[in-house]
Amino acid sequence: MGSGGMPAKDRKLRWSSDVDQWEKPDFTSQSSDCIALNRNECLTVSVPATTANIGPGFDSLGFAVDLRNDVTVEFSPTGTFILELKGEGCDFLPRDETNAVIEAVKKGYRFQSNDERELDVSALKFTSTNRIPPARGLGSSSAALVCGLAAGMTLAGSDVSTARARRDLLNLACEVEGHPDNVAPAIFGGFQIALSDENEWITSSVNIPEGMLCSLFIPDFHSLTSETRAALSDKLTQAEAVFNIGRTATLINAFNQSDFRLMKIGTQDIMHQHQRGDKQFGLDKIIAAAIGAGAHCCFLSGAGPTVLAMTGGDENGKIGDSTIAAITAERVAEAMSDAAKEFGVEGQALIVEPTMEGISAWIDVFDDGEDVVDMM
Ligand SMILES: Nc1ncnc2c1ncn2[C@@H]1O[C@H](COP(=O)(O)OP(=O)(O)O)[C@@H](O)[C@H]1O
Ligand SMILES: N[C@@H](CCOP(=O)(O)O)C(=O)O
């Protein structure tokens, strides 16, 4: 094994955060001996849900919200491949090696070991704890991809808390996903503007005003991003392009300057959201209801069908602001649910906060019954 019997804390020192000094694990013959995990250890990778587009920023903007999927990897007690699913999507996500998380683990491992080895997962146990509802526009596929890639890279010896590993993760995940607006905030947290420049994906952060809350209306039905993307027109008139360019720029200013008044106009879009939602589940009416109930802005989350409205924010820093924000967020969520019901659509209302925490990974060490956590 690359790490031998070394405790995780010491072993971590083998992988320098200095980009030029990354030390490749000593890959030897046996598959289970080729991973940077001891038999008394369990690796966990945690990734947040993300809301992409934010109205006009199609394929470019996204922010992370505090609803997380976790994947753990440990040696299987039965000596055979196990994939345990918990929470969202348990009833239909595959439990074999075709699961997107497992495919990504193998890809991440292959990348980190310079294509020298395939990861044999037959002696490993994976547990996927899913809190992000799949196929609802909250970046579940990106979370699965990023979790898996990061787990695979870690098993091949990478420290995914380093800037270099995160950059690699961004490039790898964007290659698979094709658009960066979910994966960038899933990896880096916060609000990200992401784009591709020749062979490289680049992301930069935007401020999210303190104290903002997101009211989510998550319809009960599923909608596959690939299907609703395929139905969009790939042509825009100049006037349509100008509509979205002006609003995207306004949106960035609104967030960076905590200017809540600009958020409603800054989240308007002409490229995709009404095509995906108005006739299908009354998106225009849900947005109007949220704004009417006091939201700063409201938009289709990713490819939908989730709708996200934003409230709160420490405009004046007055005592009691957070209580008022929470009450408004609940009122907005209720108004969205009622509007959807009138359209015949049932769903779940949920209030979450934006989060600055992107991917995190750690190793639990089970030592004589004691559980020591090693943050990576
Ligand atoms: N936790 C998960 N584990 C494995 N695969 C997942 C998971 N979540 C989502 N997926 C895959 O992603 C698909 C949904 O992707 P997509 O249509 O892009 O929806 P979303 O908007 O939620 O990202 C699911 O059908 C499934 O194949
Ligand atoms: N820009 C993409 C975003 C898809 O987000 P998801 O959360 O629905 O996967 C698109 O609009 O297709």
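A polar contact is a pair of N or O atoms within 3.5 Å. The exercises below apply this cut-off to ligand 1 in a predicted model.

**Exercise 1.** Which atoms of ligand 1 pair with Asn130, Ala135 and Ser141, and at what distances?

*Solution.*
1. Start with Ser141: an N or O atom of its side chain lies 3.0 Å from an oxygen atom of ligand 1.
2. For Ala135, the partner is a polar backbone atom, 2.9 Å from an oxygen atom of ligand 1.
3. For Asn130, a polar side-chain atom is 3.0 Å from a nitrogen atom of ligand 1.
4. Apply the cut-off: a pair of N or O atoms within 3.5 Å counts as a polar contact.

**Exercise 2.** State how much of ligand 1 the protein buries, and which pocket the ligand takes up.

*Solution.*
1. Ligand 1 taken alone exposes 570 Å².
2. Of that area, the protein buries 83%.
3. The space that ligand 1 takes is the largest pocket.

**Exercise 3.** Describe the shell of residues around ligand 1 by proximity, class and origin.

*Solution.*
1. The shell has 18 residues, and the nearest are Asn130, Ala135, Ser140, Ser141 and Thr225.
2. Sorted by class, eight are nonpolar, nine are polar and one is charged.
3. Among the helices, α2 (100–112) and α3 (140–155) each supply at least two shell residues.
4. The most comes from α3, which gives three residues.
5. At the domain level, domain 1 (8–205 + 357–365) and domain 2 (212–352) each contribute at least three residues to the shell.

Note on methods
Residues are numbered from 1 along each chain as its sequence is written. Chains are lettered from A and ligands numbered from 1 in the order in which they are written. This is a predicted model: local features need pLDDT of at least 70, side-chain atom pairs count only at pLDDT 80 or more; totals for chains, interfaces and linings use all residues. Side-chain values use heavy atoms; hydrogens and water are left out. A residue is near a molecule or strand if one of its heavy atoms lies within 4 Å of it. A polar contact is a pair of N or O atoms within 3.5 Å; within protein, one must be able to donate a hydrogen and the other to accept it, and residues adjacent in sequence count only if both atoms are side-chain atoms. Accessible areas come from the Shrake-Rupley method with a 1.4 Å probe; for residues, only the protein chains shown count as cover. On a 1 Å grid over the protein atoms alone, a cavity is a set of points where a 1.4 Å probe fits but cannot get out, and a pocket is an open set with protein on both sides within 12 Å along at least five of seven lines; lining residues have an atom within 4 Å of a point. A molecule sits in a cavity or pocket if more than half of its atoms lie within 2 Å of its grid points. Helices (H or I, at least four residues) and strands (E, at least two) are DSSP runs, numbered from the N terminus. Ala, Val, Leu, Ile, Met, Phe, Trp, Tyr, Cys and Pro count as nonpolar, Asp, Glu, Lys and Arg as charged, and the others, Gly among them, as polar. Domain bounds come from an automatic or database domain assignment.
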